[in-house]
Amino acid sequence: MMDRLHFFNASGDWSGDALELSYTEFHNTEGLRRCAHMYRLLKRLHVPVTALQGVKFTRGNRNRTGGIRFIPRPGASPFHEAIGAELHPFDDPLYFDFHTDQELLIEYYATEIASAIDAHGMSNTHTDRFLISVPNPIVRLVGFDGAVDLRGDVLRFTWGLEANPRKRMRLHRSTLAINNIQSTTWMDWRNDPDKIGYLRFQPVGTQRLKHQTVDATTVLLETDEQFAEAIVFAATVLERKQLKKVLPPSAKKTDNALASPPDAAELLRKLGELRDAGILTDDEFQAKKKEILDRL
């Protein structure tokens, strides 16, 4: 049996061991265009309680609005690993506003979910794989000065007329194998010293970062829609990178790293989505499917 929670930006079904979130689509609203677009991209999100580290509940304010934030365990969410743990609430797919009329009910379920987190006993341990999946992967991001495509195991950057000449001199194109990504940086223009927003994929072995306007693996971002798409795109890339790796044989069973039947079903569903999105080839899909089934 599931209990339904109602927020301004989503509804959530709590089953006792997972949250099934369905985001509310709404037209662009002043100050909310970015999160509105992110909700349209995601549509839904499955969050097992084992993916959570905690719950932060904030009571209603003078505007009769409260908030609740589900905090993922380190390594559990590709969104937070790609973008950073300290996200602004409107950039965080696990933050929700609610009307004070719902405050007592939301607080009750916040306590219930916090108790379930305490019960699994792994809130402070790093996960061995993502426990939250990107529900609708995207494989192309168009920014201000160019675009980046995820094609198989490679990111392909193509620069436009707005790009710095030092980027465009590379025959208008740069590539980066996803296995060579050391880290990602999603930068809101409001937090950047030069007031420039961007998504950076830092290659392994980088000794010194170039300025974002000339770096060949950094796409500049300008609109709210581009910032939202960059969040989902970066999470898609990291998830794809992780799926390419074979889980180490020493993975801890206590952390559900070895696929139990429910985990296997979820992984197979995710592999099917990646194949349908063109991220995985049929051969890669079959190889990963066999790998998962052999572990059962």
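The paragraphs below lead through a predicted model, beginning with the whole chain and continuing with one helix, one sheet and one buried residue.

Taken as a whole, the protein has 296 residues, of which 49% count as buried, and its secondary structure comes to 7 helices and 14 strands. Among the contacts between residues at least 6 apart in sequence, 63% join residues that are at least 24 apart.

Helix H1, which covers residues 33-42, is a useful place to start. Of its 10 residues, 8 are buried, so H1 is largely enclosed by the rest of the structure. These buried residues are Arg34, Cys35, Ala36, His37, Met38, Tyr39, Leu41 and Leu42, a list in which Arg34 and His37 appear alongside residues such as Leu41 and Leu42. What do the buried residues of H1 pack against? Their partners are strand S3 (18-23), strand S4 (44-48), helix H2 (78-83), strand S7 (95-99), strand S12 and helix H5. After the helix comes Lys43, whose phi is positive, near 70 degrees.

Of these partners, helix H5 deserves a description of its own. Two packed helices are described by the angle between their axes and the distance between the axes. For H1 and H5, the latter spanning residues 224-243, the angle is about 40 degrees and the axes are 8 Å apart. Because angles under 35 degrees count as roughly parallel and those from 65 to 115 as roughly perpendicular, this value makes H1 oblique to H5. The crossing in which H1 passes H5 is right-handed. On the H1 side the contact is made by Arg33, Arg34, His37, Met38, Leu41 and Leu42, and on the H5 side by Asp224, Glu225, Phe227, Ala228, Glu229, Ile231 and Val232. By character, the residues of this contact divide into 7 nonpolar, 1 polar and 5 charged. An α-helix has 3.6 residues a turn, so residues three or four places apart point the same way. The contact residues of H1 include Arg34, His37 and Leu41, and those of H5 include Ala228, Ile231 and Asp224.

Strand S12, another of the elements against which the buried residues of H1 pack, leads on to a sheet. Strands of a sheet pair through backbone hydrogen bonds, either parallel or antiparallel. Here an open sheet of 3 strands has the order S12-S13-S14, and its pairing is antiparallel. S12 and S14 stand at the edges with a single partner strand each, so one side of each is left without a neighbour in the sheet. From one strand to the next, the twist averages 10 degrees.

Within this sheet, S12 (residues 181-187) and S13 pair in the antiparallel sense over 6 bridges, with Ser183 standing opposite Gln202 of S13 and Met187 having Tyr198 as its bridge partner. On the other pairing, 4 bridges join S13 to S14 (residues 218-221), again in the antiparallel sense, and Leu199 stands opposite Val219 of S14. How much of strand S13, residues 197-203, is buried? The strand is mostly covered, with 6 of its 7 residues buried.

A last stop is helix H7, residues 282-294, in which Glu284 lies. Glu284 has a relative accessible area of 18%, and because residues under 20% count as buried, this residue is buried. Its C-alpha atom is separated by 8.9 Å from that of Lys244, although the two residues are 40 residues apart along the chain.

Notes. Residues numbered from 1 in each chain as written. Predicted model: local features only at pLDDT ≥ 70, side-chain atom pairs only at ≥ 80, totals over all residues. Heavy atoms only, no water. Axes fitted to C-alpha atoms, helices over the stretch in contact; angles between N-to-C directions. Helix = DSSP H or I, 4+ residues; strand = E, 2+ residues; numbered from the N terminus. Parallel < 35°, antiparallel > 145°, perpendicular 65-115°, else oblique. Left-handed = near helix turned anticlockwise from the far one by under 90°. Contact = heavy atoms within 4.5 Å. Nonpolar A, V, L, I, M, F, W, Y, C, P; charged D, E, K, R; others polar. Buried < 20%, exposed > 50% of the residue type's maximum accessible area, 1.4 Å probe, protein only. Pairing = 2+ DSSP bridges.
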